[in-house]
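Visitor: Could you take me on a close look at the empty space inside this one? I'm new here, so please go slowly.

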Amino acid sequence: MTGSTGNAGQPDDTGAAEETIGTRARDIRNKRKLTLEQAAGLAGISKSYLSMLETGERAFEKRGLIEDVAYALGCGINELTDEKTPVRDRRAAAAAQRIPELNRAFFDLDLDDFPDLATRPLATLATAVTTANINADQGDYDRAGRGLAEVITELHIVAGSGTGDDRRDALVALVEACIVAGRLARVTGHAALSVVTAQRGQLAAERAGGLDLIGLTRMSEAGGLLRMGARRRGRAVTDRTLAELAAEPGPTAQETRVAEARGMLHLHASMLAAREHDSAAETHLQEAWSLAEHTGERNHLQFHFGPTNLAIWELAIGLENGLGPSAAQRFLTRKVDLSAIGSRGRESSAAFDLARAWSAGGGKYDERAYRALDQADRLAPVQLRSDPVARDLGRALKRRARRRVWELDSLLSRLGVS
């Protein structure tokens, strides 16, 4: 995106043409000297569809489509999405400013090499991590990131130098801190850092001895890899971990955490398969539903495994499978009570997925799309406004609008789209 970024939340009034995912794809295709037909063939889509994507008549509703086009053009996903462009929203920009601090925390120390510094009481650090995770779950990544790097540094020191229960408790807290850092990295467009945070979390989980923690950190790693287009590696991590956890006993009324991790891994495997147009997507989804029938609504480390969150994932997986409006209709038919999980972040994700699914109708359901997109922004603005797919969707809806709509104009202004 070009233009001034000095006024948070204000649209660009410089008159310069904005770059979009589509225009970047067209520019890279031209530089590669690829015809529309050649690039579309490599991406597995039609020539006319790629043309509409490049001109903005259609949006990149599916994240898997971005990965496929990036592969076809021989470029990185970030070259298309330009996720590191400064976001013109004060809170989203503040969340992004935490990334350099987290980079230093993860690259300047590890569990066996840490500074000799005084630390706060372990209970204080653990409480800070839990609070940060709750803030991230509510879509408030600005608050979630405040002081997180310092807490992570101190937890490395306590985990590395402590003994007994203190050492294990510090390792468990560090796992959660790594999960929060990874979520912040992903939402601000730093997928590579999210992989690093997940791998550090895995090491802490292995030393703490928690299979549930190992499962969730590996799922986080696979999610980061998927954001980078590394499907092969993401699949390997997911499949290996599912095989390891499958040997564990099923959930009981008292203990569901390992089953929750298995269920989340099945959901991730289903999403990956959907992006590869693999029928295994439905198999993994049904495995997750089966586990959810036994666990009920759970929320280990703010992952919200249970029927409500599964319905949200089912919507997103259906979208990636190319179902679009029918996936949205199926979600609405389920009459999902999103308030059951108490997460504004997940509610926003559901609304955004609905917007993308309605938009995939090519204009037939655009009013539903922009109303759902508006709802997603009101629920978790930092989360939505940091997402280049949301901005691209807003532009496509505006371009297709037959009349001026105040709600859409307001939404685009909030998204920083001129």
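Guide: Here is a walk around the largest cavity, one of its helices and an open pocket. This is a predicted model, where local features need pLDDT of at least 70 and side-chain atom pairs 80 or more, while totals for chains, interfaces and linings use all residues. Residues are numbered from 1 along each chain, and side-chain values use heavy atoms, without hydrogens or water.

How many cavities of 30 Å³ or more does a search of the whole structure find? The search turns up 6 of them (on a 1 Å grid, places where a 1.4 Å probe fits but cannot get out). The largest cavity has a volume of about 1000 Å³ (the space filled by the probe spheres). Its lining takes in 38 residues (an atom within 4 Å of a point). Look for Arg186, Arg227, Trp313, Arg346 and Ser349, the lining residues closest to the centre of the largest cavity.

Now for the walls. Two or more lining residues each come from α8 (122-137), α11 (164-187), α13, α15 (257-275), α17 (307-320), α19 (344-359) and α21 (381-385), helices being DSSP runs of at least four residues. Among these, α19 gives the largest share of the cavity lining, with 7 residues. Sorted by class, the lining of the largest cavity holds 14 nonpolar, 12 polar and 12 charged residues (Gly is polar; Asp, Glu, Lys and Arg are charged).

Let's follow α13 away from the cavity. Helix α13 (residues 211-227) crosses helix α14 (residues 231-246) at roughly 165 degrees, and their axes come within 8 Å. The two helices, α13 and α14, are therefore roughly antiparallel (over 145 degrees). On the α13 side, the contact (heavy atoms within 4.5 Å) includes Leu211, Gly215, Arg218, Glu221 and Leu226. From α14, Arg231, Val237, Thr238, Glu244 and Leu245 are among the residues taking part. Counted by class, the contact of α13 with α14 has 6 nonpolar, 4 polar and 6 charged residues.

One more stop is the largest pocket, with a volume of about 320 Å³ (an open set with protein on both sides within 12 Å along at least five of seven lines). Of the 13 residues lining the largest pocket, Gly363, Asp366, Arg400, Ala401 and Arg402 lie nearest its centre. Both α20 (366-379) and α22 supply at least two residues of that lining, and α20 gives the largest share, 3 residues. The pocket lining divides into 6 nonpolar, 1 polar and 6 charged residues.

Conventions: Axes are lines fitted to C-alpha atoms, for helices over the stretch in contact, and angles run from 0 to 180 degrees between N-to-C directions. Angles under 35 degrees count as roughly parallel, over 145 as roughly antiparallel, 65 to 115 as roughly perpendicular and the rest as oblique.
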